[in-house]
Structure formats: structure tokens, C-alpha cells
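Q: Please take a close look at one part of this protein, the place where its aromatic rings meet. I would like to know how the rings are arranged and what lies around them.

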Amino acid sequence: MDVINKKVIIRADRAGVFFGTLVAKRETPAGVEVELHDSRRLWYWVGAASLSQLATEGTKNPSECKFTVTVPQHMVMQVIEIIPVSESAIKSIEAVKVWKM
């Protein structure tokens, strides 16, 4: 699967779920680590039953989602899932307002 320089959703073992552009992926003794650019933590979502649906269709309830600020560069360790994101899902996810305190 060639997903370098594409928008993806990744799930990490203990760090949670992130959306961003995958710029590098490395296998290390500790597991897979990735570098994301312009990433957001997807803390809570409504309007998609799973990450698979979120990546293919986006969210049907963007006003109820909790997606964080965008981080320019982000290393995530122990990645256990990488899902390519469709164009329509990209628009949906990027349209979710920033959730912060």
C-alpha cells in the first residue's frame, strides 16, 4: 500500500487516533513509527461507526466531533493501523472545528 504523502488515519497502541499526511514510516524494534505532517488527534467522533467508515465516508455529525488543533509535524510510535482517507472524508474531517479548552 503506497500511502506516503497521502492523507491517512492512524491508530497507535497507546497514543490514540490521528489524521494527517503520512510522510515517513519506519519499522523499529519497538514497532512501527510514522511521521505525520499537519496532523490532528481524533479524540471523539460521532456520525461514523468505526475508523473504517470515518476514513471512507467522513463524519455525518461534524458539530459533535472533538478533533484537536493541527500540529505541523508529529512522530507517532507503535502504530497498529494505517487507513487511507478518501477525498470526501478528507473534506469532512477538515471541516470539523478545532476542539480546545
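A: In this predicted model, W99 has a relative accessibility of 28%, so it counts as partly exposed, the class between buried (under 20%) and exposed (over 50%). W99 belongs to a cluster in which ring pairs link it with W43 and Y44.

The protein has two aromatic pairs by the rule applied here. One of them joins W43 and Y44, whose ring centres are 6.4 Å apart and whose planes stand at 45 degrees. Pairs under 30 degrees count as stacked and those over 60 as edge-to-face, so W43 and Y44, at 45 degrees, are tilted. The centre distance of 6.4 Å falls within the 6.5 Å limit for a pair.

W43 also pairs with W99. Here the centres are 4.9 Å apart and the angle between the planes is 20 degrees, so this pair is stacked, being under the 30 degree limit. The two partners come from distant parts of the chain, 56 residues apart. W43 is in strand β3, which covers residues 31–44, while W99 is in the segment after α2, a helix that covers residues 87–94. W43 takes part in the tilted pair with Y44 and in the stacked pair with W99.

Y44 has a relative accessibility of 41% and therefore counts as partly exposed. K66 lies over the face of the Y44 ring, at 5.7 Å from the ring centre. That distance is within the 6 Å allowed for a charge over a ring.

The segment after α2 that holds W99 is also the place of V98. At 45% relative accessibility, V98 counts as partly exposed, because the value lies between the 20% and 50% limits. V98 forms a nonpolar patch on the surface with V69 and V71, and together they have about 200 Å² of accessible area.

As for the setting, the protein has two helices and six strands, in the order β-β-β-α-β-β-β-α along the sequence. Its C-alpha atoms fill a box of roughly 40 × 30 × 20 Å along the principal axes. The radius of gyration is 13 Å, which agrees with the value near 13 Å for a compact globule of 101 residues. Buried residues make up 42% of the 101 residues.

Conventions. Residues are numbered from 1 along each chain as its sequence is written. This is a predicted model: local features need pLDDT of at least 70, side-chain atom pairs count only at pLDDT 80 or more; totals for chains, interfaces and linings use all residues. Side-chain values use heavy atoms; hydrogens and water are left out. Rings of Phe, Tyr and Trp (its six-membered ring) pair if their centres lie within 6.5 Å; planes under 30 degrees apart count as stacked, over 60 as edge-to-face and the rest as tilted. Buried means under 20% relative accessible area, exposed over 50%, partly exposed in between (1.4 Å probe, protein chains only). Helices (H or I, at least four residues) and strands (E, at least two) are DSSP runs, numbered from the N terminus. A charge sits over a ring if NZ of Lys or CZ of Arg is within 6 Å of the ring centre and within 35 degrees of the ring normal. Patches are made of residues with over 30% relative accessible area and no salt bridge: like charges are joined within 9 Å, nonpolar side chains (Val, Leu, Ile, Met, Phe, Trp, Tyr) within 5 Å. Accessible areas come from the Shrake-Rupley method with a 1.4 Å probe; for residues, only the protein chains shown count as cover. A salt bridge is a side-chain nitrogen of Lys or Arg within 4 Å of a carboxyl oxygen of Asp or Glu. The radius of gyration is taken over C-alpha atoms; the globule rule is 2.2 Å times the number of residues to the power 0.38.
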